[in-house]
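Thanks for coming, everyone. I'll walk you through one model, piece by piece. Have a look at it first.

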Amino acid sequence: MKFIISSQSLLKQLQSIAGVLNSSNTLPILDNFLFEIKDQVLTISCSDLESTITSNVKIDAKSEGSVAIPAKILIDILKTFPDHPLTFSIDEKMSIEIASDYGKYKLSGYNGEEFPKSPVIEAPSTVSISSFILQRAIEKTIFASGNDDLRPVMSGIFIQLSEKDITFVATDAHKLVRYKRSDVNSSSSSSFIVPKKPMNLLKSLLSSHDGDVKIDYNESNATFSFGDCILTCRLIDGKYPNYEAVIPNENPNMLTVDKNAFLQSIKRVSIFANKTTHQVRLKINGSELNISAEDIDFSNEANERLTCSYKGETIEIGFNSRFLLEMLSNIDTEHVIFELSAPNRAGLLSPEANEEGESILMLVMPVMLNG
């Protein structure tokens with residue numbers, strides 16, 4: 001098996017898909033990239049058994065075949081070359097020789113047949129979505145997904161398709177984000193939960209792709225196909241919590257405030273908060289928003305005032321500052337709307353205006369105020 005490829009083009013392909021590789025694998029073969037050549041096309045795959053990414057690149061090949069090449073050493077050597085052609089020669093014993101203008105390099109590969117096969121999705125349902133919308137949906141929700149192994153359904157993004165819209169939801173029981181698009185729909189209603197790791201991989205892969213992403217899915221797996229790439233992943237099995245039930249409908253108190261001023265104020269004040277609870281206290285009265293935090297153990301405290309627009313009764317409520325900071329960082333508008341009902345009920349954050357076809361709602365649970 002022999003082929004010629006540009007060093008930088010190969011490095012770019014490998015780096016774009018290498019995110020799926022784990023630092024420690026149960027199967028040694030998973031520390032490798034699978035190279036398969038057919039009809040002058042090189043297909044490169046890598047997998048962690050849960051997710052598999054394949055990428056295609058046209059090459060000048062003298063023969064067909066497959067080989068598994070150790071990932072780390074291959075990426076390390078490619079990083080050292082300027083852009084020029086490399087010749088790969090693989091013999092029957094899976095010994096790999098890479099020839100460049102500078103010299104020759106040898107390493108041992110493995111039989112490509114040993115590499116785990118990507119699952120074939122039988123009787124799939126299909127939906128197409130623009131790469132921009134999918135990337136934005138992941139970006140706006142993924143930070144709210146959980147890391148609790150005991151509740152695996154919360155460690156991914158829930159995708160709900162209907163004839164009217166598509167909804168992406170992520171929650172860790174303390175915060176929740178619902179991202180809805182009315183400009184994408186499906187011929188039938190269905191839903192599935194995609195794990196966090198493939199969603200993060202997808203987010204970075206889509207940043208350099210302009211076009212549609214075809215999603216094929218059944219009860220156990222999903223594939224995302226776009227450009228020369230296909231990402232296949234196992235779905236999370238289980239029933240997603242009824243997220244609509246936790247979104248409060250009656251929120252008589254409505255705060256509108258400058259997003260940047262609010263974000264920077266919480267950043268400063270939270271430095272003085274208790275390091276365990278990260279609690280900041282919001283007191284809203286008329287057109288004044290008072291943000292404060294204290295750490296009694298170290299006699300630390302901070303207090304800031306912001307002007308705001310507020311409709312409702314005077315309220316004092318506590319939140320984990322880290323959750324507020326994450327949410328505010330993911331809102332793009334100049335002003336944010338914060339809807340509140342009572343000190344022990346969830347608060348709803350949203351942009352003051354939504355982009356066309358888009359609706360974003362962020363929910364954050366309060367923390368009990370001490371004293």
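Five strands make an open sheet here, and their order is 5-1-7-8-9. The pairing is antiparallel. Bear in mind that this is a predicted model. Now, which strands stand at the edges? They are strand 5, residues 60-61, and strand 9, residues 104-108. Each has a single partner strand, so one side of each is left without a neighbour in the sheet.

A quick reminder on pairing. Strands of a sheet pair through backbone hydrogen bonds, either parallel or antiparallel.

Look at strand 7, residues 85-90, and strand 8, residues 95-99. Four bridges pair them, in the antiparallel sense. Within that pair, Phe-88 has Ile-98 in strand 8 as its bridge partner. Then find helix 1, residues 7-17. Helix 1 lies across strand 1 and strand 7. It runs at about 90 degrees to strand 1.

On to another sheet. This open sheet has four strands, in the order 22-21-20-24, with antiparallel pairing. Strand 22 (300-307) and strand 24 (315-320) are at the edges. Each has a single partner strand, so one side of each lacks a neighbour in the sheet. On average, neighbouring strands here are turned by 20 degrees against each other, direction ignored. Strand 21, residues 288-295, is joined to strand 22 by eight bridges. Glu-294 stands opposite Glu-301 in strand 22. Helix 6, residues 321-329, packs on this sheet and touches strand 20 and strand 24. The direction of helix 6 makes about 85 degrees with that of strand 24.

Next, helix 5, residues 259-270. How far apart are its end C-alpha atoms? They are 16 Å apart, which agrees with the span expected for 12 residues. Its buried residues include Phe-262, Leu-263, Ile-266 and Val-269. The buried residues cover an arc of only 165 degrees around the axis, which puts them on the same side of helix 5. They pack against several elements, among them strand 19, strand 25 and helix 6.

Last topic: cysteines. How many disulfides are there? The count comes to zero. Take Cys-229. Its closest cysteine sulfur, in Cys-46, is 9.3 Å away, too far for a bond. The cut-off for a disulfide is within 2.5 Å. Cys-233 is in no disulfide either, as its nearest cysteine sulfur, that of Cys-229, is 14 Å away. Are these two buried or exposed? Cys-229 counts as buried, at 9% relative accessibility. Cys-233 is buried too, with a relative accessible area of 1%.

Conventions:
Residues numbered from 1 in each chain as written. Predicted model: local features only at pLDDT ≥ 70, side-chain atom pairs only at ≥ 80, totals over all residues. Heavy atoms only, no water. Pairing = 2+ DSSP bridges. Helix = DSSP H or I, 4+ residues; strand = E, 2+ residues; numbered from the N terminus. Axes fitted to C-alpha atoms, helices over the stretch in contact; angles between N-to-C directions. Contact = heavy atoms within 4.5 Å. Buried < 20%, exposed > 50% of the residue type's maximum accessible area, 1.4 Å probe, protein only. Expected span 1.5 Å × (residues − 1). Arc of directions from axis to C-beta.
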